[in-house]
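Reader: I am new to this one and would love a friendly tour. Could you show me the structure, and then I will ask my questions?

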Amino acid sequence: MLSHYVQQIKTLYSKKTIDIGRLREVASDWGQNDYYDKAEDSDWLLPFWGETSPILRLFRELDTTSLAELACGHGRHAAQILTGNYTAIPSRLFLLDVDRENVSCSARRFANMDLVKVFRNNGFDFRPLKDSSLSAVFCYDAMVHFEYDCVISYLKDTYRVLKPGGRALFHHSNYDKNPGSCYRDNPHWRNFMTSSLFSHVAQRAGMRVLEQVILDWGDADKEDGIDCVTLLERPIRLSGEPNEGRFASLHPSWKRYLASGIRRLKAIRRAP
Ligand SMILES: C[S@@+](CC[C@H](N)C(=O)[O-])C[C@H]1O[C@@H](n2cnc3c(N)ncnc32)[C@H](O)[C@@H]1O
């Protein structure tokens with residue numbers, strides 16, 4: 001009961017800190033769109049699933065036992081994962097998307113696969129996924145379009161949903177021109193974000209940045225270095241902090257606060 005009220009308060013607070021109008025504007029561009037037919041073609045799959053792709057190399061660094069994909073669209077990456085040709089087939093695969101039609105399409109596509117669960121999320125965090133429930137999460141060709149406030153919110157919530165030692169692979173924008181613009185005015189509809197800002201926010205959210213690779217996007221209209229793919233890890237243990245049992249899923253700032261309290265109590269007990 002108490003946790004229900006805590007969730008309600010968190011939702012209300014998040015809605016105040018997220019520009020819901022802009023979130024919906026971006027989301028509405030990716031409902032009905034001929035993107036989804038083309039996206040299943042092999043030349044559109046290669047940038048991720050080609051043998052020499054840096055994204056596939058980093059994807060293979062994930063433990064896919066309990067995997068989630070953010071912004072799954074029509075589920076083309078889940079279909080690749082479920083072939084078992086690239087990594088071990090997950091025991092559980094959660095697909096999330098903000099768009100109702102994309103969710104229905106993916107749900108229909110994987111209806112006969114019990115290990116796949118499809119959810120519509122709110123566009124800024126991973127609920128309804130539970131705390132410390134995932135070994136890995138990834139997002140490809142979607143976060144590049146998201147507003148900065150949604151990206152920050154997803155990064156903060158990544159810490160919550162990953163188990164300690166779990167990893168996240170995010171393909172995001174590295175486009176730092178035109179601040180304040182609408183993302184549709186930018187090349188390849190990239191929203192404003194940089195690799196270093198992304199790394200900073202991820203670290204503030206308690207994550208370790210394992211690797212960042214700057215990527216080009218496009219063929220004839222190629223834009224050099226417009227994207228980045230970042231591999232993150234939720235640390236197993238932060239030195240000197242309580243990390244076991246009921247403390248395991250606490251945010252690092254709370255762990256640091258608790259650790260300092262425990263140190264003070266120990267000092268009082270030791271005092272003559
Ligand atoms: C270009 S499509 C890519 C779909 C999929 N990732 C792929 O590679 O086929 C962008 C996806 O992002 C989803 N989306 C847009 N804004 C979102 C948000 N704030 N949170 C979650 N999903 C979002 C859209 O509904 C759409 O499925």
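Reader: What percentage of the 272 residues of the protein count as buried?
Author: Happy to help, and please keep in mind that this is a predicted model. A residue counts as buried if 20 or more other C-beta atoms lie within 10 Å of its own. Of the 272 residues in the protein, the share that counts as buried is 35%.

Reader: What radius of gyration does the protein have, and what would a compact globule have?
Author: For 272 residues, a compact globule would come out near 19 Å. The C-alpha trace spans about 75 × 45 × 40 Å along its principal axes. The radius of gyration of the protein agrees with the globule value, because it is 20 Å.

Reader: How many helices and strands does the protein have, and what share of the contacts between residues at least 6 apart in sequence join residues at least 24 apart?
Author: The protein has 10 helices and seven strands. Taking contacts between residues at least 6 apart in sequence, the share that joins residues at least 24 apart is 68%.

Reader: Which helix gives the most to the shell around the ligand?
Author: The ligand is surrounded by 21 residues, and the closest are Trp30, Ala71, Gly73, Asp99 and Gly123. By kind, the shell divides into 14 nonpolar, three polar and four charged residues. The biggest contribution, three residues, comes from the helix at residues 20–28, helix H2.

Reader: Ala71 is among the closest residues to the ligand; is Ala71 buried or exposed?
Author: Ala71 is found in the loop between strand S1 (66–70) and helix H6 (76–81). Most residues other than glycine have a negative phi. Ala71, though not a glycine, has a positive phi of about 60°. Because Ala71 has 23 C-beta neighbours inside 10 Å, it counts as buried.

Reader: Which other residue has a positive phi of about 60° although it is not a glycine, and how does that residue count for exposure?
Author: The residue is Asn178, with a positive phi of about 60°. Asn178 has its place in the loop between strand S5 (162–173) and helix H9 (195–204). With 13 C-beta neighbours inside 10 Å, Asn178 counts as partly exposed.

Reader: Where is the cis peptide bond that ends at Pro128, and what is its omega?
Author: Most peptide bonds are trans. Pro128 is found in the loop between strand S3 (116–120) and strand S4 (134–139). The cis bond runs from Arg127 to Pro128, with omega near 15°.

Notes
Residues are numbered from 1 along each chain as its sequence is written. This is a predicted model: local features need pLDDT of at least 70, side-chain atom pairs count only at pLDDT 80 or more; totals for chains, interfaces and linings use all residues. A residue is near a molecule or strand if its C-beta atom, placed from the backbone, lies within 6 Å of it. Helices (H or I, at least four residues) and strands (E, at least two) are DSSP runs, numbered from the N terminus. Ala, Val, Leu, Ile, Met, Phe, Trp, Tyr, Cys and Pro count as nonpolar, Asp, Glu, Lys and Arg as charged, and the others, Gly among them, as polar. A residue is buried if 20 or more other C-beta atoms lie within 10 Å of its own, exposed if 12 or fewer, and partly exposed in between; C-beta atoms are placed from the backbone. The radius of gyration is taken over C-alpha atoms; the globule rule is 2.2 Å times the number of residues to the power 0.38. Two residues are in contact if their C-beta atoms, placed from the backbone, lie within 7 Å.
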